[in-house]
Amino acid sequence: LIASGLVFFAGSIAMVNGAYIETWIAPSTAAVFTALFRDKKLQKYIFVENFVFIILSAVIMIIRHPYQATNYLGHMMTMSAVSAVMLLISDLIRRHYDLLTEDSESSLEKQQEMENDLSHDLLTGVYSRKKLMENAAHHMGHARLNNPITVVMVDIDKFKSVNDTYGHDNGDVVLRRLGEILVSVIAPKVTVGRFGGEEFVLIYEGIGRKDAENRVEDLRSRFSSQQYDFTDRRITFSAGLITAYDKVDFDLVLKQADDALYQSKENGRDRITSGDYQS
């Protein structure tokens with residue numbers, strides 16, 4: 001808009017004073033390149049405005065000095081051609097700029113997708129094992145008496161039988177269903193990751209044993225109530241839960257959570273076994 005205003009102002013002065021058409025070189029150049037990375041409609045509007053003033057100025061000059069008509073017409077044609085070429089060049093530069101911008105945005109999106117793929121399990125949507133272990137170290141570093149860390153190991157019951165009986169595609173359906181449920185609890189102080197196969201790990205920071213039991217029980221109930229198109233069978237999971245009240249190695253806590261999970265399996269599956277970390 002400022003460029004358009006300057007063109008109008010310069011054009012008015014040129015018309016009133018009968019200025020030579022060469023005076024349009026500066027405003028034409030400024031207008032076109034000022035509009036280069038702006039709205040395309042505005043850019044064309046400024047060009048048309050330039051062109052109109054060039055013609056009007058030429059007409060006025062020819063009326064005042066008819067003996068120089070040929071000279072003025074030559075100036076007019078030259079300036080019109082220059083403005084047209086400048087508009088074409090600016091349009092080409094703009095297109096090139098847009099392509100570079102699109103490529104840059106596309107590259108950024110691809111980079112973000114790759115980073116997301118590295119930090120999340122593609123099938124279930126929870127964190128990958130790598131991201132799980134990174135977050136685990138962070139959580140365990142905050143463990144203290146008034147900020148307990150509860151680690152839960154979850155395993156789908158008889159999952160091999162599900163794959164063998166209904167096929168791996170339907171096995172993936174079960175994994176995705178559990179993933180959807182577990183993703184819903186992810187929060188700044190709650191990490192959920194796929195440890196491997198049908199095993200998942202939940203880490204609750206600032207949540208004690210009893211509260212964590214209630215939360216995992218809700219997850220167990222939601223998962224066991226799922227219905228599937230390929231079977232009427234009730235599919236469940238078992239869990240082992242250990243709460244630590246001091247900074248200890250995550251692998252040690254995870255080992256005890258896995259032992260608790262084993263107890264759940266031994267005692268009939270579809271249940272939670274919990275305890276406190278034993279050094």
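Q: Where along the chain is the place of Arg269?
A: This is a predicted model, in which local features need pLDDT of at least 70, side-chain atom pairs count only at pLDDT 80 or more, and totals for chains, interfaces and linings use all residues. Residues are numbered from 1 along each chain as its sequence is written, and side-chain values use heavy atoms, leaving out hydrogens and water. Helices (H or I, at least four residues) and strands (E, at least two) are DSSP runs numbered from the N terminus. With that in hand, Arg269 is found in the loop between helix H9 (250-266) and strand E5 (272-276).

Q: What is the relative accessible area of Arg269?
A: Arg269 is not a glycine, yet its phi is positive, near 65°. Buried means under 20% relative accessible area, exposed over 50%, and partly exposed in between (1.4 Å probe, protein chains only). Arg269 counts as partly exposed, with a value of 33%.

Q: Which residue in the loop between strand E1 (149-156) and H6 comes up here?
A: The residue has a positive phi of about 50° although it is not a glycine. In the loop between E1 and H6 you will find Lys158.

Q: Which residues does Ala257 touch, not counting those up to four places away in sequence?
A: Ala257 lies in helix H9 and is buried, with a relative accessible area of 0%. Its C-alpha atom is separated by 7.9 Å from that of Ser274, 17 residues apart along the chain. Counting contacts as heavy atoms within 4.5 Å, Ala257 touches Val151, Met153, Gly240 and Ile242.

Q: At roughly what angle do the axes of helix H5 (residues 129-140) and H9 cross?
A: Axes are lines fitted to C-alpha atoms, for helices over the stretch in contact, and angles run from 0 to 180 degrees between N-to-C directions. Under 35 degrees counts as roughly parallel, over 145 as roughly antiparallel, 65 to 115 as roughly perpendicular and the rest as oblique. H5 is roughly perpendicular to H9. Their axes come within 10 Å and cross at roughly 105°.

Q: Which residues of H6 meet H7?
A: Helix H6 (residues 159-166) packs against helix H7 (residues 168-183) at an angle of about 140°, with the axes 7 Å apart, so the two are oblique to each other. On the H7 side are His168, Asn170, Gly171, Val174 and Leu175. Their partners in H6 are Phe159, Val162, Asn163 and Tyr166.

Q: What is the centre to centre distance of the aromatic pair formed by Tyr166 and Phe230?
A: Rings of Phe, Tyr and Trp (its six-membered ring) pair if their centres lie within 6.5 Å; planes under 30 degrees apart count as stacked, over 60 as edge-to-face and the rest as tilted. The whole structure has 3 aromatic pairs. The pair of Tyr166 and Phe230 is tilted, with 55° between the planes and a centre to centre distance of 5.2 Å.

Q: Which residues form one aromatic cluster?
A: Tyr166 sits in helix H6, while Phe230 is 64 residues apart from it, in the loop between helix H8 (209-224) and strand E4 (237-244). Tyr166 is partly exposed, with a relative accessible area of 22%. The cluster is made up of Tyr166, Tyr228 and Phe230.

Q: What percentage of the 279 residues of the protein chain count as buried?
A: The chain has 9 helices and 5 strands. Residues 24 or more positions apart account for 74% of its contacts with a separation of 6 or more. The share of residues that count as buried is 40%.
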